[in-house]
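The questions below ask why particular descriptions apply to this model. Each answer sets a computed value against the criterion it has to meet.

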Amino acid sequence: MKNEVKTTTIQNVFRILLALFMIYAGFSHLTFNRIEFQTQVPDWVPLSKDLVVILSGIVEMALGLSLLFWKKQRARIGWALALFFILIFPGNIAQYLDGRDAFGALNSDRARLIRLFFQPLLIAWALWSSGAWKAWRNSKK
């Protein structure tokens, strides 16, 4: 699979927005939302909730920065980010099932349920804006 893929201006705008969102989210994991994120870590995760929040924040920041600056690996980074969104999805499901509030906005079953439907959109956003889908399709030709 070719990793350096030509993307459109609109893809680049959305890729930059996603990267900035990831950097902000990662920073918030490590600072002002750290406790909120700890409440979202399911009890069945066999690690310290704080460690999970710290590690996921570091990963989010690394993925965001990579998506911004590592052009030659952008397609692979898109796949990595999509995988990250898939890996954290069980935590979002657990938050819904356990009725755990977070961030003031996720304070009802309805809000937590609606959030679940955004995860596939984030996955698609990562794959499309990074050119990962295009690179994969081109590799099949």
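The expected span of a helix is 1.5 Å times one less than its number of residues. The model discussed here is predicted.

Q: How do you know that the end-to-end distance of α3 agrees with the expected span?
A: Helix α3 has 21 residues, so at 1.5 Å a residue it should span 30 Å; its end C-alpha atoms are 30 Å apart, and the two values therefore agree.

Q: Why is S56 called buried?
A: Buried means under 20% relative accessible area. S56 has a relative accessible area of 15%, so it is buried. The residue belongs to helix α3, which covers residues 49-69. Leaving out residues up to four places away in sequence, S56 touches H29 and F84.

Q: What makes the approach of the S56 side chain to V53 a polar contact?
A: The cut-off for a pair of N or O atoms is 3.5 Å. The side chain of S56 reaches the backbone oxygen of V53 at 3.1 Å, and the pair therefore falls within that cut-off.

Q: Which other residues of α3 are buried, and what covers them?
A: Besides S56, the buried residues of α3 are V53, G57, E60, L63, G64, S66 and L67. Their cover includes α1, α2 (34-40) and α4.

Q: What makes S48 a cap of α3?
A: A side-chain oxygen of S48 lies 3.3 Å from the backbone nitrogen of D50, at the N-terminal end of α3.

Q: Why is Q95 called buried?
A: With the limit set at under 20%, Q95 qualifies because its relative accessible area is 1%. Q95 is located in helix α4. Beyond its neighbours within four places in sequence, Q95 is in contact with Q40, R100, D101, A102, L106, R112 and R115.

Q: What polar contacts does the side chain of Q95 make?
A: The side chain of Q95 reaches the backbone oxygen of R100 at 3.1 Å. A polar contact of 2.4 Å also joins the side chains of Q95 and R115.

Q: Why is S108 called partly exposed?
A: Partly exposed lies between the limits of 20% and 50%. S108 has a relative accessible area of 29%, and it is therefore partly exposed. This serine lies in the loop between α4 (74-98) and α5 (109-129). Its side chain reaches the backbone nitrogen of A111 at 3.1 Å.

Q: How do you know that the length of α5 is close to the expected value?
A: Helix α5 has 21 residues and reaches 31 Å from its first C-alpha to its last, close to the 30 Å expected at 1.5 Å a residue. Its buried residues include A111, R112, L116 and Q119, and α1, α4 and α6 are among the elements that cover the buried residues of α5. The helix is followed by G131, whose phi is positive, near 85°.

Q: What makes up the nonpolar patch on the surface?
A: The patch is formed by I10, V13, F14, L17, W79, W128, W133 and W136, with about 730 Å² of accessible area together. Two or more residues come from each of α1 (9-30) and α6 (132-139). Helix α1 gives the largest share, four residues.

Q: Why is L17 called partly exposed?
A: L17, in helix α1, has a relative accessible area of 44%, so it is partly exposed. Patch residues need over 30%, and the 44% of L17 therefore meets that requirement.

How values were computed: Residues numbered from 1 in each chain as written. Predicted model: local features only at pLDDT ≥ 70, side-chain atom pairs only at ≥ 80, totals over all residues. Heavy atoms only, no water. Patch = residues over 30% accessible without salt bridge, like charges linked within 9 Å, V, L, I, M, F, W, Y side chains within 5 Å. Areas by Shrake-Rupley, 256 points an atom, 1.4 Å probe, with all protein chains shown as cover. Salt bridge = Lys/Arg side-chain N within 4 Å of Asp/Glu carboxyl O. Buried < 20%, exposed > 50% of the residue type's maximum accessible area, 1.4 Å probe, protein only. Polar contact = N/O pair within 3.5 Å; in protein donor to acceptor, adjacent residues only side chain to side chain. Contact = heavy atoms within 4.5 Å.
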